[in-house]
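Reader: I've got a structure open and no idea how to read it. Could you walk me through it?

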Amino acid sequence: MPGEADDLDAKALVDHVRNFAKTVYHPAGTCRMGKGEDAVVDPRLRVRGVSRLRVADVSIMPRIVSGNTNAAAVMIGERCADFVLGRTA
């Protein structure tokens, strides 16, 4: 633990998180997709403000699926390929 003080400074907490936090699950929802200005990617998976860059993984999903994320990741990748190749309207 970073310490027993009631008022730990931010640096101690940040250092603790960086040294000990990890995920053993499949993170999702870290790169929000949507139409609003607060979305990182648009519905065609293009990163806002960065030309010619798309995100094609489960980070665009708003929530993690209840099963393994593999099938969802494959579907997102195939959909992105369709966008890149111009196979969708």
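Author: Let's begin with a term we'll want later: a polar contact is a pair of N or O atoms within 3.5 Å, where, within protein, one must be able to donate a hydrogen and the other to accept it, and residues adjacent in sequence count only if both atoms are side-chain atoms. Here, a polar contact of 3.1 Å links the side chains of Asp38 and Arg32. Keep in mind that this is a predicted model, where local features need pLDDT of at least 70, side-chain atom pairs count only at pLDDT 80 or more, and totals for chains, interfaces and linings use all residues. Residues are numbered from 1 along each chain as its sequence is written, and side-chain values use heavy atoms, with hydrogens and water left out.

Reader: How many helices and strands does the protein have?

Author: Helices (H or I, at least four residues) and strands (E, at least two) are DSSP runs, numbered from the N terminus. In this protein you'll find two helices and zero strands. Helix 1 covers 10-20 and helix 2 covers 70-85, and Asp38 sits in the loop between them.

Reader: Is Asp38 buried or exposed?

Author: Buried means under 20% relative accessible area, exposed means over 50%, and partly exposed is in between (1.4 Å probe, protein chains only). Asp38 has 58% relative accessibility, so it counts as exposed. Across the protein's 89 residues, 20% count as buried.

Reader: And what about the surface: how much area does the protein expose?

Author: Accessible areas come from the Shrake-Rupley method with a 1.4 Å probe, and for residues, only the protein chains shown count as cover. The protein exposes about 7000 Å², and carbon and sulfur atoms supply 55% of that.

Reader: Which residues make up the largest nonpolar core?

Author: A nonpolar core is a set of buried Ala, Val, Leu, Ile, Met, Phe, Trp, Tyr and Cys residues joined through side-chain atoms within 4.5 Å. The largest one here has twelve residues, including Leu45, Val58, Met61, Ala72 and Phe83. To see some of the packing, use contacts, meaning heavy atoms within 4.5 Å. Leaving out residues up to four places away in sequence, Ala72 touches Val58 and Met61. You can also ask how far along the chain contacts reach: among those between residues at least 6 apart in sequence, 35% join residues at least 24 apart.

Reader: That core list has cysteines in it too, right? How many disulfides does a search of the whole structure find?

Author: A disulfide is a covalent bond between the sulfur atoms of two cysteines. The test used is a pair of cysteine sulfur atoms within 2.5 Å, and the search finds zero disulfides. Cys31 and Cys80 do both belong to that core. Cys31 counts as buried because its relative accessible area is 12%, and Cys80 is buried because its value is 8%.

Reader: Okay, charges next. How many salt bridges are there?

Author: Side chains of opposite charge can pair when their charged atoms come close. The rule for a salt bridge is a side-chain nitrogen of Lys or Arg within 4 Å of a carboxyl oxygen of Asp or Glu, and the count comes to four. One of them joins Asp38 to Arg32, with the closest N and O atoms 3.1 Å apart. Arg32 is partly exposed because its relative accessible area is 41%. Another pairs Arg46 with Asp42 at 2.7 Å. In that pair, Arg46 is partly exposed at 37%, while Asp42 is buried at 11%. Then there's Arg87 with Asp82, at 2.9 Å; Arg87 is exposed at 54%.

Reader: My tutor mentioned phi angles. What should I look for?

Author: Most residues other than glycine have a negative phi, and most peptide bonds are trans. Look at Leu45, whose phi is positive, about 70 degrees, although it is not a glycine. Arg52 also has a positive phi, of about 60 degrees. Leu45 lies in the loop between helix 1 and helix 2, and so does Arg52. Leu45 is buried because its relative accessibility is 3%, whereas Arg52 is exposed at 86%.

Reader: One last stop. Where is Thr88 found?

Author: Thr88 is in the segment after helix 2. At 19% relative accessible area, Thr88 is buried. Its side chain makes a polar contact of 3.4 Å with that of Arg44. Not counting residues up to four places away in sequence, Thr88 touches Arg44, Arg79, Asp82 and Phe83.
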